[in-house]
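Here is a short round of questions and answers on one model. Please keep the sequence and the structure in view.

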Amino acid sequence: MAVCTVVAENKEAPRRYGGRVTAFVTLSCITAGMGGVIFGYDIGVSGGVTSMDGFLRKFFPDVYRRMEGTSVSNYCKFDSELLTAFTSSLYIAGLVTTFLASWVTARCGRRPSMIVAGTAILAGSAIGGTAVNLSMVILGRVLLGVGLGFGNQAVPLYMSEMAPPLHRGAFSNGFQLCVGIGAVTARLTNFFTQKIRQGWGWRVSLAAAAVPGGFLTLGALFLPETPNSVLQQGKDHDTVRVLLRKIRGIHDVEDELNDIAAANRERASSRRGMHMIVTQRQYRPQLAMAIMIPFFQQVTGINAISFYAPVLLRTIGMGESASLLSVVVTGLVGTTSTLLSMFLVDRFGRRTLFLVGGVQMLASQLMIGGIMTTQLGDHGQVSRTCAFVLIFLIAVYVAGFAWSWGPLGWLVPSEIFPLEVRSAGQSITVAVNFLMTTAVAQLFLPVLCRMKAGIFFFFAAWLVAMTAFVYLLLPETKGLPIEQVGRLWSQHWFWRRSILSNYGVSSFISVFLASWVRIGGDLSE
């Protein structure tokens, strides 16, 4: 039997949670993970579809003509406002939907949000797959965005609350694993549908999102609600006790039930979760993480690679089929790395994976930028050797993201919020994620056209900043029950000052900048 120990601030005897990984919890989280598969599929499918000749001829003929010509710079052939609108419309819809999804998830439960998500995905995939004009294609993407807004709000919370404390990292990283599986599935689908000679393979790629959407919709109808959400909906303790015994596989669940009940009483004292997390000092650490972690996750440049990898590989001279196959290979590398992180995160901790993954991504981004700068001009192509080196470096970069900022960017925000602000905090995380994803999707192609290979050095600079942020400001949450994580902040060298004193945003920035001195001191010792 797994046992989780937490030492209280007041030096009381350690609190112990019992429990094991039950088949009931595993199957529930696998079903909920279909939300991650959908997210990954929608990220992966757009880049492949927008590199298909049939899709470009039908909806983006100007881009197709530039791609076939030689007078336009290699870096500018895919620069199109309509093309970026196709990609980013999904994320704009997700951003707008996030706050409604937060309300539904907090008041109605995690399951209803997952049902809404699956239904919207089914509708969006049907419209996208049967589209006859650009308006229908974008409408399908918007409905997919609505589904992702609800799914990304509910699924990480569901998996984090259902998982046993000692294995919460592995279970929650399962969301990113599902994202990776979805992305690889999308790329494999694109690779095979691109070979349909009649040029309608893109319809299959867009419509296939209905498969995980259908699984999520049907599965959510039979999933149990999380114990935290059941108590939040006003059910009695006996109902929650029965559910806890079922999902933990043991009879004695009183300690965990008491912690959930205490968190629910705190939540009930104020219904305005969003107002609380924004205005009250005790939630400043969580608010900072809810904003900065998804922000940094996107400025790693990963979604630029995910959206536009086939386009990028065609930019350096690879053919349509070869570029799609190369993206499949890098996607498999990423999925394998995420699977590896599930076994490492609860052993080595969140901070270690963040830091090592950040260094790995930084090195590969610098080398990609260097090769692109020296080998690829406005016209012509790179050599075959350079092309393979670039594919290898992209795979190294994707692997670094997939076992660090990819899964941990969802895991850490989902486990740091007290119950009374958990749904509001998750909505902030998802909203920032969608906002930054939209910005990257909308700006990458125009910025690539203007900055050329310099864009990779831009992302590398952000990797330096985010690695320092984790090193200085993120405490380790490994092994702590989700309702006990909150006490870490009052023990942290920086956050205890922020909580106990009247620090504002300017103080936060000044102390963060001053804390760079700590890095210099540590490195010099």
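Q: Which residues touch the most other members of the largest nonpolar core?
A: This is a predicted model, in which local features need pLDDT of at least 70, side-chain atom pairs count only at pLDDT 80 or more, and totals for chains, interfaces and linings use all residues. A nonpolar core is a set of buried Ala, Val, Leu, Ile, Met, Phe, Trp, Tyr and Cys residues joined through side-chain atoms within 4.5 Å; buried means under 20% relative accessible area, exposed over 50%, partly exposed in between (1.4 Å probe, protein chains only). The largest such core has 122 residues, and those touching the most other members are Phe39, Phe55, Phe60, Met114, Met289, Trp405 and Leu473.

Q: Which helix gives the largest share of this core?
A: Helices are DSSP runs (H or I, at least four residues), numbered from the N terminus. Residues are numbered from 1 along each chain as its sequence is written, and side-chain values use heavy atoms, with hydrogens and water left out. Ten residues of the core come from one helix, residues 134-162, and that is helix 7.

Q: How far apart in sequence are the parts that Arg110 and Glu161 tie together?
A: Arg110 and Glu161 form a salt bridge, with the closest N and O atoms 2.7 Å apart; the term means a side-chain nitrogen of Lys or Arg within 4 Å of a carboxyl oxygen of Asp or Glu. Arg110 lies in helix 6 and Glu161 in helix 7, so the pair joins parts separated in sequence by 51 residues.

Q: Which residue is linked with Arg110 and Glu161 in a network of salt bridges?
A: Both Arg110 and Glu161 are buried. Their network of salt bridges also includes Arg422.

Q: Is Arg65 buried or exposed?
A: Arg65 meets Asp62 in a salt bridge (2.1 Å, N to O). The two are three residues apart in helix 4 (residues 61-68), so about one helical turn separates them. Asp62 has 47% relative accessibility and therefore counts as partly exposed. Arg65 has 53%, so Arg65 counts as exposed.

Q: What is the relative accessible area of Arg350?
A: Arg350 forms a salt bridge with Asp346, the closest N and O atoms being 3.0 Å apart. Arg350 is buried, because its relative accessible area is 1%.

Q: What is the average pLDDT of the protein chain?
A: pLDDT is the predictor's confidence in each residue, from 0 to 100. In this chain, 83% of the residues score at least 70, and the average is 81.
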